[in-house]
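Here is a friendly walk through the structure shown below, starting with one strand pair and working outwards from there. Keep the viewer open as you read.

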Amino acid sequence: MTDAPVLETRGIVRDYVSGGLFGGSRTLRALKGIDLRVERGKTLAVVGESGCGKSTLARIITLIDAPTAGELLIEGQPVDVARTGVPAELRRKVQIVFQNPYGSLNPRQKIGDVLAEPLKLNTPLSASARRDRAMEMLLKVGLRPEHFNRYPHMFSGGQRQRIAIARAVMTSPELLVLDEPVSALDLSVQAQILNLLQDLQDELRLTYVFISHDLSVVRHVADDVMVMNLGEAVEYRSRDAIFAAPEHPYTRKLFAATPRIDLPSIRDRVTRKAAMPRATRSGRAR
Amino acid sequence: MALLEVRNLSVAFETAAGAFFAVKGVDLSADAGEVLAIVGESGSGKSVAMLAVMGLLPPAATVTADAMCFEGRDLLTLTPRQRRDLSGSAMAMIFQEPVASLNPCFTVGFQIEETLREHTDLGAAARRARAIELLTQVGIPAPEERLGSFPHQLSGGQCQRVMIAIATACNPRLLIADEPTTALDVTIQKQILELLLRLQAEHGMALVLITHDMGVVAETADRVIVQYNGRKMEDTDVLSLFERPRSAYTRALLSALPENATGSRLPTVSTFAAAAEDGAA
């Protein structure tokens, strides 16, 4: 069992059917056969633009949605969400963190209760044991004891994301799906959250599926990278390989479109603009 | 003289706990033909400063400045009517959420022509022709048909193109773009930035680009202002910003970029707070 990858999918397909009732129905194939494999303690980054199917994939991996076809294996065990449902033990093992932490926290729930709730649902622990574990986790993600009885609106975006991560880690999961976890955050806060995720991964040997559109973040966190476009994995290789030499035209297009800080090209651009005659630069506005 | 000249701008909001200063004594200027990037994290006052220039802040905000001049006219002493004449014609602004910035109840054509009706004396046929010309200019295919489209029928990138068409309808000398590509995919972002830069160069506009993305700054700006907590931390040309940032805050900001990480750890927020204190001192 220790040899089995924490997550493996084989030919995952997901169709969404719209219309029907009267007239024809239309089928949209959101995922067109996704194969992936993530070993324990590793991070797979899934990159793509809106509509590429990365969130559909996240829903399937987190056992929220069933795939139309294909196999999903968690720690080597096949899971059939549609037919046999999800055993409670498996729910504990797979958790998710969303992009917008405010939207994913109940505004009427105190943070201590937010953190204790997964234990209530998934473990036989007593109320006081749950409280202790929640407090422990609060401190682990860099919050303070006095935050225990506060409500979500009293926190900053970065703190809320810490809470969402803490909640996800409460049940001691094996696999964490992170759906754009830092996209809504400022640069300095993004750095803190990435550090926190790194620490938790090292300490708890967590396995991450990290969904992002930000290539610089992906380059920082990933072991392997899967680039998705229109429901297909167009390129799926190790981070170093893919960043050294992107092969697929779509990957290259994505890389080329990403703004970069590159001193020679800034210098080049500035020189070119300075060389332009002043008349062209100020145009017909004057 | 600079096209836009702002000295010692402060913006305060009345709150229950007293006045809150979102912008604290900021000087800034923008020249014709220049791309000025204003960079900062949320709460740095970068948007509020530009909303003050546009006169778009709610009445609860108190704007004070030693000078706030556009083409030599003092914006602070203009009547509301004069302000309205200026906004949308000589100076215009586009926002982060293109879909939310457009009125869902009216067609794209109506909303472009609305600006022309307000600021020009073009007749109906001329307005329509100009709207088609604008949509062509911002790269929307089949512009005649698109005039009759509603915002929800367009993608986010296309809505932003429409916003740009509206903002540039009267050939503004100053265009302020507040995070114009933050809500868009990177390939669309690239197209929109290229469009803005092309229009900026063709019309010789001053383009003020408010952003939090250092990559965007590196690829578009001539000059950069870095803000933090309502204060200006740095004001320099784009090359110097990345080659030898003077303020400690800018250095902290650059070191927090994942691509600049040394090892697996990124600098923490305490580094930032300390750096900002340094910068303010």
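In chain B of this predicted model, strand S7 (residues 91-94) runs parallel to S8(B), and 4 bridges join the two. Within that pairing, Ile94(B) sits opposite Ala177(B) of S8(B). On to the next pairing: S8(B) and strand S9 (residues 206-211) of chain B are also paired in the parallel sense, over 5 bridges. Ala177(B) has Leu209(B) as its bridge partner in S9(B), while Ile176(B) has Val208(B) as its partner in that strand.

The three pairings with a bridge count are gathered here, including one from chain A that comes up again later.

| Strand pair | Sense | Bridges | Opposed residues |
|---|---|---|---|
| S7(B) and S8(B) | parallel | 4 bridges | Ile94(B) and Ala177(B) |
| S8(B) and S9(B) | parallel | 5 bridges | Ala177(B) and Leu209(B) |
| S4(A) and S5(A) | antiparallel | 3 bridges | Leu73(A) and Pro78(A) |

**The sheet in chain B**

These chain B strands belong to an open sheet of 6 strands, ordered S7-S8-S9-S3-S10-S11, with mixed pairing. S7 and strand S11 (231-237) of chain B lie at the edges with a single partner strand each, so one side of each has no neighbour in the sheet. Ignoring direction, neighbouring strands of this sheet are turned by 15 degrees against each other on average. Helix H7 (residues 156-167) of chain B packs on the sheet, where it touches S7 and S8 of chain B, and its direction makes about 170 degrees with that of S7(B).

How many residues of strand S8 (residues 174-178) of chain B are buried? The count is 5 of the 5, so S8(B) is largely enclosed by the rest of the structure. Leu174(B), Ile176(B) and Asp178(B) point one way from the strand, Leu175(B) and Ala177(B) point the other way, and all are buried. Note that the buried set includes Asp178(B).

**The nonpolar core**

In soluble globular proteins, nonpolar side chains tend to be buried together. Here, the largest nonpolar core has 159 residues, and Val209(A), Leu174(B) and Val208(B) touch the most other members. At least three residues of this core come from each of domain 1 (4-90 + 174-280) and domain 2 (102-169) of chain B. What does Val208(B) touch, leaving out residues up to four places away in sequence? Its contacts are Ala30(B), Leu36(B), Ile38(B), Met50(B) and Ile176(B). Of these, Ile176(B) is also the bridge partner of Val208(B).

**Two domains in chain B**

Chain B is divided into domain 1 (4-90 + 174-280) and domain 2 (102-169). Taken over C-alpha atoms, the centres of these two domains of chain B are separated by 27 Å. Where they meet, 12 residues of domain 1 of chain B are in contact with 12 residues of domain 2 of chain B. Helix H8 (residues 186-203) of chain B gives the most to the domain 1 side of this contact, with 6 residues. By class, that side of domain 1 has 9 nonpolar, 3 polar and no charged residues.

**Chain A**

Now for the partner chain. Chain A has 286 residues, of which 40% count as buried, and its secondary structure comes to 11 helices and 10 strands. Its C-alpha trace spans about 75 × 50 × 45 Å along the principal axes. Among contacts in chain A between residues at least 6 apart in sequence, 67% join residues at least 24 apart.

Chain A has an open sheet of 4 strands in the order S2-S1-S4-S5, and the pairing is antiparallel. Strand S2 (25-38) and strand S5 (77-79) of chain A stand at the edges; each has a single partner strand, so one side of each is left without a neighbour in the sheet. From one strand to the next, the twist averages 35 degrees. In this sheet, strand S4 (residues 69-74) of chain A is joined to S5(A) by 3 bridges, with Leu73(A) opposite Pro78(A).

**Where the chains meet**

The contact between the chains takes 34 residues from chain A and 40 residues from chain B. On the chain A side, the elements giving two or more residues are helix H6 (187-204), helix H7 (215-221), helix H9 (249-257), helix H10 (263-275) and helix H11 (278-282) of chain A. H6(A) gives the most, with 7 residues. The chain A side divides into 12 nonpolar, 11 polar and 11 charged residues.

Methods
Residues numbered from 1 in each chain as written. Chains lettered and ligands numbered in written order. Predicted model: local features only at pLDDT ≥ 70, side-chain atom pairs only at ≥ 80, totals over all residues. Pairing = 2+ DSSP bridges. Axes fitted to C-alpha atoms, helices over the stretch in contact; angles between N-to-C directions. Contact = placed C-beta atoms within 7 Å. Nonpolar A, V, L, I, M, F, W, Y, C, P; charged D, E, K, R; others polar. Core = buried A, V, L, I, M, F, W, Y, C linked by C-beta atoms within 7 Å. Buried ≥ 20, exposed ≤ 12 C-beta atoms within 10 Å, placed from the backbone. Domains from an automatic or database assignment.
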